[in-house]
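Reader: I should like to look closely at one part of this structure and to follow its connections outward. Could you please begin with a single residue and explain each term as it arises?

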Amino acid sequence: MQGEPDIDHRIWQVVALIPRGRVATYGDVASKAGLPGAARRVGRALNNLPADTRIPWHRVINARGRLSLPERSAGQYTQRERLESEGVVFRANHSIDLDKYRWI
């Protein structure tokens, strides 16, 4: 699809701005990238990141304050570990307090 790499780059630029110890939802990133309502497109763009990326993809979570990667997967483990190392605390139900950690 024409323009897709440009859209990926716009999304990646927004994700790169999320500060350490903060999170954004897929919808937040879409809106900030000028793509309101395109949360799923953000997921695709993050999936297209090179394996050695320095873009903090782990700071993007779903609107319920949860990680969206498959449960008990290596990716989910990595995402949670990275967030915790930045001081993000998970609740007993495995969610993150968006009121406290959300980047707006």
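**From one helix residue to the whole chain**

Author: Gln79 is placed in helix 4, where a helix is a DSSP run of H or I with at least four residues, a strand is a run of E with at least two, and both are numbered from the N terminus. The model is predicted, so that local features need pLDDT of at least 70 and side-chain atom pairs count only at pLDDT 80 or more, while totals for chains, interfaces and linings use all residues. Residues are numbered from 1 along each chain as its sequence is written, and side-chain values use heavy atoms, with hydrogens and water left out.

Gln79 counts as buried because its relative accessibility is 2%. The term buried means under 20% relative accessible area, exposed means over 50%, and partly exposed covers the range in between, with a 1.4 Å probe and protein chains only. Which residues is Gln79 in contact with, once its neighbours within four places in sequence are left aside? They are Trp57, His58, Val60, Ile61, Leu67 and Leu69, a contact being heavy atoms within 4.5 Å.

Two of these partners, Val60 and Ile61, also appear in the surroundings of Thr25. Thr25 belongs to strand 1, which covers residues 24–25, and it counts as buried because its relative accessibility is 3%. Beyond its neighbours within four places in sequence, Thr25 is in contact with Val60, Ile61, Asn62, Ala63, Leu98 and Arg102.

Leu98, one of those partners, is in helix 5, residues 98–101. Its relative accessibility is 15%, and therefore Leu98 counts as buried. Residues up to four places away in sequence not being counted, Leu98 touches Val23, Thr25, Ile61, Ala63, Arg64 and Gly65. Leu98 and Ile61 are 37 residues apart along the chain, and their C-alpha atoms are separated by 9.8 Å.

A second path leads from Thr25 to Asp28. A polar atom of the Thr25 side chain lies 2.9 Å from the backbone nitrogen of Asp28. Asp28 is in helix 2, and because its relative accessible area is 17%, it is buried. Apart from residues up to four places away in sequence, Asp28 touches Arg102 and Trp103. The side chains of Asp28 and Arg102 are joined by a polar contact of 2.8 Å; such a contact is a pair of N or O atoms within 3.5 Å, and within protein one must be able to donate a hydrogen and the other to accept it, with residues adjacent in sequence counting only if both atoms are side-chain atoms. Asp28 and Val14 are 14 residues apart in sequence, and their C-alpha atoms are 9.5 Å apart in space.

Helix 2, which spans residues 26–32, also holds Ser31. With a relative accessible area of 44%, Ser31 is partly exposed. Its C-alpha atom lies 10.0 Å from that of Val42, although the two are eleven residues apart in sequence.

Two loop residues may be set beside these. Most residues other than glycine have a negative phi. Arg72, which is not a glycine, has a positive phi of about 65 degrees. Arg72 sits in the loop between strand 2 (60–61) and helix 4 (74–85), and with a relative accessible area of 77% it is exposed. His94, also not a glycine, has a positive phi of about 70 degrees. It is in the loop between helix 4 and helix 5 and counts as partly exposed at 48% relative accessibility.

The chain as a whole may now be considered. It has five helices and two strands, which run α-β-α-α-β-α-α from the N terminus on. Its radius of gyration is 13 Å, close to the 13 Å given by the globule rule for 104 residues, so the chain is as compact as a globular protein of that length. This radius is taken over C-alpha atoms, and the rule is 2.2 Å times the number of residues to the power 0.38. The C-alpha trace spans about 45 × 25 × 20 Å along its principal axes. Of the 104 residues, 42% count as buried. Among contacts with a separation of 6 or more, 62% come from residues 24 or more positions apart.
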